[in-house]
Amino acid sequence: MAKILEMSDQETLFVPVTGGRASEEVILQIEAAILDGKIKPGESLPSERDLQHRFETSRGVVREALRALKEKGLLEIRKGAKGGAFVKNIDVVTISQSLALFLKQRNISPNCIIEFRESHDRIITTMAITKGTDEEKAELIALASRLEDVLTQDTPDLASASEMDRDLNILLAKMTKNPIFEWVMQAMQLGFTSLDDLLYADPEFRAATAGNWTDTAKAIAEGDPLKALSFTGFHYVMLRRCIASVQQKQSMNL
């Protein structure tokens, strides 16, 4: 059952707002309480009437603030007898969706995305060598080999290959033993998968990409950072070439 923030708790959290920017002040106070952990995921804010009383403002100002916090992804508004404004538990899917939307709206170039991904992958590859267990390294090789088997078939299952590629990247990040790297990788995989999918969809790059994954996994298992980083860099060389080829074909069709 969701916990409801009591008025006694509310008294120490919120203070009356004044002036013509009342809605913004309400937003800032509630947002600060959430980000500071004073109101936890799953907990419900006081009712609109209680918030109106505490902030000494109008119901319209409170509703406007709650709508804005919902759009930010901090609150979930539920209707009905047990409804109200509940603090959302932000998950990786939510973050990745927001990240993907942000990139599309800002029209971020593929080269910028590749540059970021390559820098991130070089770090986790080095950490995976030193912190990954023998079992994880063996699993990485096995999964990379299965991906290579799928992609070297006459008619490869590209959907399965995409899933395997995602699992490989997430396993690699998990081997760092740092949950932040794992969360970032999950968000990137959900938001950026279309780029690597280009490699698997193009017969010119498909087999080389699969073989490169196997080589990378083996170099990590052998504890050879120079080889592993070289293979990681080669993956992004191929990706840049693939994207350039796609863009050239698109320009020729215009």
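**Exercise 1. Where is Asn107, and is this residue buried or exposed?**

Step 1. Place the residue: Asn107 sits in the loop between helix 5 (92-106) and helix 6. Helices here are DSSP runs (H or I, at least four residues; strands are E, at least two), numbered from the N terminus.

Step 2. Note the source. This is a predicted model, in which local features need pLDDT of at least 70, side-chain atom pairs count only at pLDDT 80 or more, and totals for chains, interfaces and linings use all residues. Residues are numbered from 1 along each chain as its sequence is written, and side-chain values use heavy atoms, with hydrogens and water left out.

Step 3. Read the backbone: phi of Asn107 is near 55°, a positive value in a residue other than glycine.

Step 4. Classify accessibility. Buried means under 20% relative accessible area, exposed over 50%, and partly exposed in between (1.4 Å probe, protein chains only). Asn107 has a relative accessible area of 66%, so Asn107 is exposed.

**Exercise 2. Describe Lys177: its loop, its phi and its salt-bridge partner.**

Step 1. Lys177 is in the loop between helix 8 and helix 9.

Step 2. Its phi is near 65°, again a positive value in a residue other than glycine.

Step 3. Apply the salt-bridge rule: a side-chain nitrogen of Lys or Arg within 4 Å of a carboxyl oxygen of Asp or Glu. Lys177 pairs with Glu136, and the closest N and O atoms are 2.7 Å apart. The pair links distant parts of the chain, with Glu136 in helix 7 (residues 134-151) and Lys177 in the loop after helix 8 (158-174), 41 residues apart.

Step 4. Compare the two ends. Glu136 is buried at 13% relative accessibility. Lys177 is partly exposed at 44%.

**Exercise 3. How many salt bridges does the rule give, and which parts does Arg117 tie together?**

Step 1. The count comes to nine salt bridges.

Step 2. Take Arg117: its partner is Asp196, with the closest N and O atoms 2.7 Å apart. Arg117 lies in helix 6 (residues 110-131) and Asp196 in helix 9 (residues 179-201), so the pair ties together parts that are 79 residues apart in sequence.

Step 3. Check accessibility. Arg117 is buried, with a relative accessible area of 3%. Asp196 is buried too, at 3%.

Step 4. Set this beside another bridge: the side chains of Glu76 and Arg78 meet at 3.6 Å, N to O. Glu76 is partly exposed at 35% relative accessibility, and Arg78 is partly exposed at 36%.

**Exercise 4. At what angle do helix 3 and helix 4 pack, and which residues make the contact?**

Step 1. Helix 3 (residues 48-55) and helix 4 (residues 59-71) pack at about 110°, with their axes 9 Å apart. Axes are lines fitted to C-alpha atoms, for helices over the stretch in contact, and angles run from 0 to 180 degrees between N-to-C directions.

Step 2. Name the arrangement: helix 3 is roughly perpendicular to helix 4. The classes are: under 35 degrees roughly parallel, over 145 roughly antiparallel, 65 to 115 roughly perpendicular, the rest oblique.

Step 3. List the contact (heavy atoms within 4.5 Å). Helix 3 gives Glu48, Arg49, Leu51 and Gln52; helix 4 gives Arg59, Val62, Arg63 and Leu66.

Step 4. Sort by class: three nonpolar, one polar and four charged residues. Ala, Val, Leu, Ile, Met, Phe, Trp, Tyr, Cys and Pro count as nonpolar, Asp, Glu, Lys and Arg as charged, and the others, Gly among them, as polar.

Step 5. Look for bridges: Glu48, Arg59 and Arg63 are linked in a salt-bridge network.

**Exercise 5. How do helix 8 and helix 10 pack?**

Step 1. Helix 8 and helix 10 (residues 203-221) pack at about 25°, with their axes 13 Å apart.

Step 2. The two helices are therefore roughly parallel to each other.

Step 3. The contact uses Leu158, Asp165, Leu168, Asn169 and Leu172 of helix 8, and Arg206, Trp213 and Ile220 of helix 10.

Step 4. By class, this contact has five nonpolar, one polar and two charged residues.

**Exercise 6. Is Leu45 buried or exposed, and how many Å separate its C-alpha atom from that of Val26?**

Step 1. Leu45 is in the loop between helix 2 (22-35) and helix 3.

Step 2. Its relative accessible area is 3%, so Leu45 is buried.

Step 3. The C-alpha atoms of Leu45 and Val26 are separated by 13 Å, and the two residues are 19 apart along the chain.
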